[in-house]
Structures are given as C-alpha cells and as structure tokens.
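The following exercises are to be worked through with the sequence and the coordinates at hand. Each task is followed by a solution in steps.

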Amino acid sequence: MIVVMKTSATKEEVAALMSRVEEVGCKVHPIIGEERTVIGVIGDGTTIDRHQVGRMKGVEQVVPISKPYKSASREYHPEDSVLNINGVMVGGHDLAIMAGPCSVEGRTHMIEIAHACKEAGAKILRGGAYKPRTSPYSFQGLGEEGLRYLAEAREETGMPIVTEVMDPSLVPLVADYADILQIGARNMQNYALLNAVGKSGKAALLKRGMSGTIKEWLLAAEYIMSHGNHNVMLCERGIRTFSQETRNTFDLNAIPVAKQLSHLPVIADPSHATGKWEYVGAVAKGAVAAGADGLIIEVHDEPDQAWSDGRQSLKPERFAKLVTQMRAIAQAVGRDIPEAHMNEAIADLAPA
Ligand code: PEP
Ligand code: MN
C-alpha cells in the first residue's frame, strides 16, 4: 500500500507510522517530496490493517496496490524512475545507449572498442567477463581479468560499465568493478542471484527470460527491489517463439506494456533479439519509436573474429550510423540521444 501523509504531517508522525508498519514485519520506503511525504509499505497484506493505518495521525490517504509486484508497479511510483549511473541518466528524457562487445577479449581490444562506441554516441560500455554459454565447451569469459580490462576502459573513456554476473557468490566481486550488474535472460528467475544483487545495492539490468511472462519479469525485479535496491532497469532481449529465421523474437509489445505496468526504465536489446547484425538496426529503431528508455547493442570491430556473438555484432561504423538514425526517431517521439561528447583535447581547443 501507499500511505500519503498530510502536508501538515510532522516528522514524529511520519516516524510513528514507519515504526508501526515495521513492527508488523512490513518494509517501508519513504519518498520525501518537497510538499509531502509518501510512504511505500511492502509486505504481507494480512499483517496490517489498512483502515487502522488510515486513522493514524498525519495520514491523509491509504492507497492499496493491486499488483503482485509492489515496488515495481506504476501504482507505487506513478512517475518514471530515472536512475543516475555515475552521471548517466537512465529513464529520463535522453535515451541511454549502451554498447560494446559481447565478451571482453583483451585489454587493448576493450579500450579501442570503448573509444569507438563512445565516439559513436554510446554513454555506457558493455562487455561480458562471465559468459552464460549454451555449450560448456564454448569460451566462458575472462573472469576477473575481463573485469579489470573493463575498469581500465572506464578509466580511459569515462563511460560507466555494465557486465553480467551469473553466480550469487560472485556478486560482491563483480559489484566491485561494475556500475551496473547485468542479470542474463537465463537467470531471470535465479532467485538466489536476484537476492544477492538486491543486497549489493548496485544498479541492475534485468533481462527478460526467453520464456518469461511480463508478470514474472516484474516479479523478478521485485525480488531485487525487496531488498531496498530500487536501481533496476528492465531489458527486453527477445523471447523464444516458433519463428526460425531470427535467434529470438523481439517482443515490441513488451515495451509499452512494461512501461504502463511499471515505472522502471525499459532497455531494448536488438542484438540478442535478432541474432543477425543486418536486422539489428530495424529492431533498434522500432524499439526507440515504441518508447524504449535505452538500448544495449553489441559492437565489434571484427565480427568474424569475435569470441562470442559475432554474427549479431555491428561494426563501429554501422553502429555510429544507427545512432544517428535512432536520434531522429527519438526526437520524433519527444526524446533525444545527445551527440557524442567532444574529445576533451578538441573541446579545449574549441572557442568558448
Ligand atoms: C549477453 O548480453 O551477451 C547475453 C548473454 O544476453 P542474454 O542473457 O540476453 O542472452
Ligand atoms: Mn552476447
């Protein structure tokens, strides 16, 4: 339920309400606004009497949340959530473009690709150090060495990094390096992992499972949020259908549906959704038109030589062109994709 406090409510009244609901085992999440305080109360609805809460001092209104996912629901937080990832906003007016190779392959390579992605307009760098491969004999990722290269690429470019974590026991290590913890499609319902990411307090990018319903996806987000970690973004990466020509089927519907049901930012992944680079642009543009808050796109300078997912990786030049096209679409739907930051050396030379 949401407890809306009166504008005249005192700090003591807010504190009394919070301790009352915590006493019966509920979790509270106060949203302190300029005008008034709104308190999200999450827990088992049977332990707390809504009418009793409504009679407490300073309370103006108690609004029940009808959805099973509470913190993740739009009812809980009617405004879009905007996450601040080291200065890069996700979920606001500007679309967040994330790009990079599927896997981290080496130090120099990672730094070079990072620069190319940044110049093309990416704001967040991706790269997998722990890879969820279908075959146990495929390349499994460079592990911590890969995380170090990602961190170096962040140092060089200033771009925050998003990278996958697959094992709950590795969350503290990956969280030490990453700005955003990616939870892969295969792990959407790995509750031990969701709990560990929730406890870490790090921002999370939660991919939709390949057969996950939207309700299951939002309940997975709720697992993370139930630990007080509200820095969650959803990622549609295609679901499994009978269609054979593409790796997955991008569920365009999921974007407006998730945005209606939830306040969390929705990111589109056209790379894993299609599995073929030649379709990535069309799906990416469709996602922007449908209201995605950002994209995560695989980019590789030599896709034929990539250690994973080369078939769906865009060369940097193609990615740069796509960003320009997506910008035009973003502007047509009232959003924007800011131009790449000027290289600092060039910026210094530019007239004031
Ligand atoms: C990836 O991002 O490289 C990846 C493995 O994604 P997904 O979990 O969507 O398959
Ligand atoms: Mn990949």
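**Exercise 1. The metal site**

Are Cys 102 and His 272 buried or exposed? Place both residues in the coordination of the manganese ion (ligand 2).

*Solution.* The model is a predicted one.

Step 1. Buried means under 20% relative accessible area. By this criterion Cys 102 is buried, and His 272 is buried as well.

Step 2. The manganese ion (ligand 2) is coordinated by Cys 102 through SG, His 272 through NE2, Glu 298 through OE and Asp 309 through OD, at 2.0 to 2.4 Å.

Step 3. Along the chain, these donors follow the spacing C-x169-H-x25-E-x10-D. Cys 102 belongs to the loop between strand 7 (96-100) and helix 3 (107-120), while His 272 belongs to helix 9 (residues 270-274); the pair therefore ties together parts that are 170 residues apart in sequence.

**Exercise 2. Strand 12 and its partners**

Determine how strand 12 is covered and how strand 12 pairs with strand 11 and with strand 13.

*Solution.* Step 1. The setting is a barrel closed by eight strands in the order 7-8-9-10-11-12-13-14, with parallel pairing. On average, neighbouring strands of this sheet are turned by 25 degrees against each other, direction ignored.

Step 2. Val 232, Leu 234 and Glu 236 are buried on one side of strand 12, and Met 233 and Cys 235 are buried on the other. Since five of the five residues of strand 12 are buried, the strand is largely enclosed by the rest of the structure.

Step 3. Four bridges pair strand 11 with strand 12 in the parallel sense, and Leu 205 stands opposite Met 233. The chain passes from strand 11 through helix 7 to strand 12 in a right-handed β-α-β crossover.

Step 4. Strand 12 and strand 13 (residues 266-268) run parallel and are joined by three bridges, with Leu 234 opposite Val 266. Together with helix 8 (residues 254-261), strand 12 and strand 13 make a right-handed β-α-β unit.

**Exercise 3. The packing of helix 6**

Which residues of helix 6 are buried, and what covers them?

*Solution.* Step 1. Helix 6 (residues 191-200) lies across strand 10 and strand 11 (203-207), and runs at about 170 degrees to strand 10.

Step 2. The buried residues of helix 6 are Leu 193, Leu 194, Ala 196, Val 197 and Gly 198. Their cover includes helix 5 (171-177), strand 10, strand 11 and helix 7.

Step 3. Just after helix 6, Gly 201 adopts a positive phi of about 75 degrees.

Note on methods
Residues are numbered from 1 along each chain as its sequence is written. Chains are lettered from A and ligands numbered from 1 in the order in which they are written. This is a predicted model: local features need pLDDT of at least 70, side-chain atom pairs count only at pLDDT 80 or more; totals for chains, interfaces and linings use all residues. Side-chain values use heavy atoms; hydrogens and water are left out. Two strands pair if DSSP finds at least two bridges between them. Helices (H or I, at least four residues) and strands (E, at least two) are DSSP runs, numbered from the N terminus. Axes are lines fitted to C-alpha atoms, for helices over the stretch in contact, and angles run from 0 to 180 degrees between N-to-C directions. Contact means heavy atoms within 4.5 Å. Buried means under 20% relative accessible area, exposed over 50%, partly exposed in between (1.4 Å probe, protein chains only). Donors are N, O and S atoms within 2.8 Å of the metal (3.2 Å for Na, K and Ca); water is not among the atoms, so sites may look incomplete. A crossover is right-handed if, with the strands pointing away from the viewer, the path from the first strand over the helix to the second runs clockwise.
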